[in-house]
Amino acid sequence: MSAPARWSTADTEDVVCCLCGVPGTLVHDVAPFGVVRCPRCRLVFVSPRLRPEALQRLYDDAGYFEGGVYGSGVSTDAAAPASDGRLSPAMLLQRTWTAGRLRLIEREHGRPPGGRLLEVGAGYGLFLDAARTAGWTTSGVELSRTGAAHASGALGLDVFCGQVEDAPLEPGFAVVCAWDTVEHVPDPLSFWRTVRSLVADDGVVLFSTPYWSSLPAWLLGTRWWTLKPTEHIWHFTPRTHALLLARAGLALTGVVRSPLAAANAGRLDSLVGVARPIPGA
Ligand SMILES: [Zn+2]
């Protein structure tokens with residue numbers, strides 16, 4: 001796959017492994033970006049990658065969430081079907097994930113909804129809206145100004161616009177979720193450390209990401225549709241997820257890889273992970 005022509009070397013910066021502090025070894029050359037692997041811990045990341053200012057421009061683009069799971073009418077009502085009343089296959093999938101993930105949260109948390117739930121990477125607020133309806137007291141964080149404005153404006157959700165490290169949040173959340181988010185953040189170790197500081201000691205963390213050891217990633221190489229080197233700047237496996245989470249004081253206690261599970265429906269190259277605070281960490 002080729003990177004969009006809109007980006008040049010001037011928009012990029014070199015980074016090192018967030019766990020080991022060393023540069024990676026080139027796996028895929030997708031100029032002006034590089035997909036590299038840490039020689040020590042095997043974590044895969046993008047370097048050179050977009051500078052933070054360029055990334056902010058990308059996420060603020062109103063078109064970023066258009067189409068796909070959000071349908072075509074996000075500016076008016078993200079949760080509503082198209083004008084002909086039909087749901088697109090992507091929107092049906094979105095609803096399946098939401099229902100499956102809410103059930104998974106309830107099972108993993110072990111108590112009925114009702115506590116405080118934080119979603120990091122809330123997008124347009126569709127999941128958070130469903131979680132609120134299910135009975136959770138919700139808070140959200142979203143980097144995209146377009147997404148955050150819709151979630152708080154049209155849906156009336158409590159959503160902070162920015163990185164989670166900068167969000168003024170009261171710790172002690174029963175549940176923290178991050179759906180398709182940690183592969184986008186500047187520093188996943190800092191991200192998980194912040195999540196650890198926000199989740200209650202008896203709370204639970206649930207997340208989803210694409211994964212590098214999936215069959216599509218392995219078979220398709222640079223043609224893997226999820227490679228997207230502008231946005232997906234870290235690539236994990238269950239093993240590197242566990243390494244990274246442990247360094248942040250969280251234990252990976254579950255991984256759902258089946259595309260038949262509702263929480264991960266139809267996703268051949270993604271997983272859902274469950275993590276819990278390590279006592280004393
Ligand atoms: Zn490393």
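The following dialogue examines how several labels are assigned in a predicted model.

Biologist: Why is the contact between R49 and E13 called a salt bridge?

Modeller: The side chains of R49 and E13 meet at 3.6 Å, N to O. A salt bridge requires a side-chain nitrogen of Lys or Arg within 4 Å of a carboxyl oxygen of Asp or Glu, so the pair qualifies.

Biologist: What parts does the pair of R49 and E13 tie together?

Modeller: R49 lies in strand β5 (residues 49-50) and E13 in strand β1 (residues 12-13), so the pair ties together parts that are 36 residues apart in sequence.

Biologist: Is R49 counted as buried or exposed, and why?

Modeller: R49 has 7% relative accessibility. Buried means under 20%, so R49 counts as buried.

Biologist: What makes D60 and R145 a salt bridge?

Modeller: Their side chains meet at 2.7 Å, N to O, and the limit is within 4 Å, so the contact meets the rule. D60 belongs to helix α1 (residues 52-60) and R145 to helix α5 (residues 145-153), so this pair ties together parts that are 85 residues apart in sequence. R145 has a relative accessible area of 51%; exposed means over 50%, so R145 is exposed.

Biologist: How do you know what to call E108 and R276, whose side chains meet?

Modeller: The N to O distance is 2.9 Å, which is within 4 Å, so the pair is a salt bridge. E108 is in helix α3 (residues 89-109) and R276 in strand β13 (residues 270-277), so parts that are 168 residues apart in sequence are tied together. E108 has 24% relative accessibility, and R276 has a relative accessible area of 26%. Partly exposed lies between 20% and 50%, so both names fit that class. By this rule the count comes to 8 salt bridges.

Biologist: Why is R116 said to sit over the ring of F173?

Modeller: The charged end of R116 is 3.9 Å from the centre of that ring. The distance must be within 6 Å, so this part of the rule is met. The charged end of R101 likewise sits over the ring of W179, 4.5 Å from its centre.

Biologist: What makes W218 exposed?

Modeller: W218 has 65% relative accessibility; the class begins over 50%, so W218 counts as exposed. W218 lies in helix α7 (residues 215-220). With L215 and L219, W218 makes a nonpolar surface patch of about 410 Å².

Biologist: How many disulfides does the structure hold?

Modeller: The structure holds 0 disulfides. As for the cysteine C17, its relative accessible area is 2%, which is under 20%, so C17 is buried.

Technical notes: Residues are numbered from 1 along each chain as its sequence is written. This is a predicted model: local features need pLDDT of at least 70, side-chain atom pairs count only at pLDDT 80 or more; totals for chains, interfaces and linings use all residues. Side-chain values use heavy atoms; hydrogens and water are left out. Patches are made of residues with over 30% relative accessible area and no salt bridge: like charges are joined within 9 Å, nonpolar side chains (Val, Leu, Ile, Met, Phe, Trp, Tyr) within 5 Å. Accessible areas come from the Shrake-Rupley method with a 1.4 Å probe; for residues, only the protein chains shown count as cover. Helices (H or I, at least four residues) and strands (E, at least two) are DSSP runs, numbered from the N terminus. Buried means under 20% relative accessible area, exposed over 50%, partly exposed in between (1.4 Å probe, protein chains only). A charge sits over a ring if NZ of Lys or CZ of Arg is within 6 Å of the ring centre and within 35 degrees of the ring normal. A disulfide is a pair of cysteine sulfur atoms within 2.5 Å.
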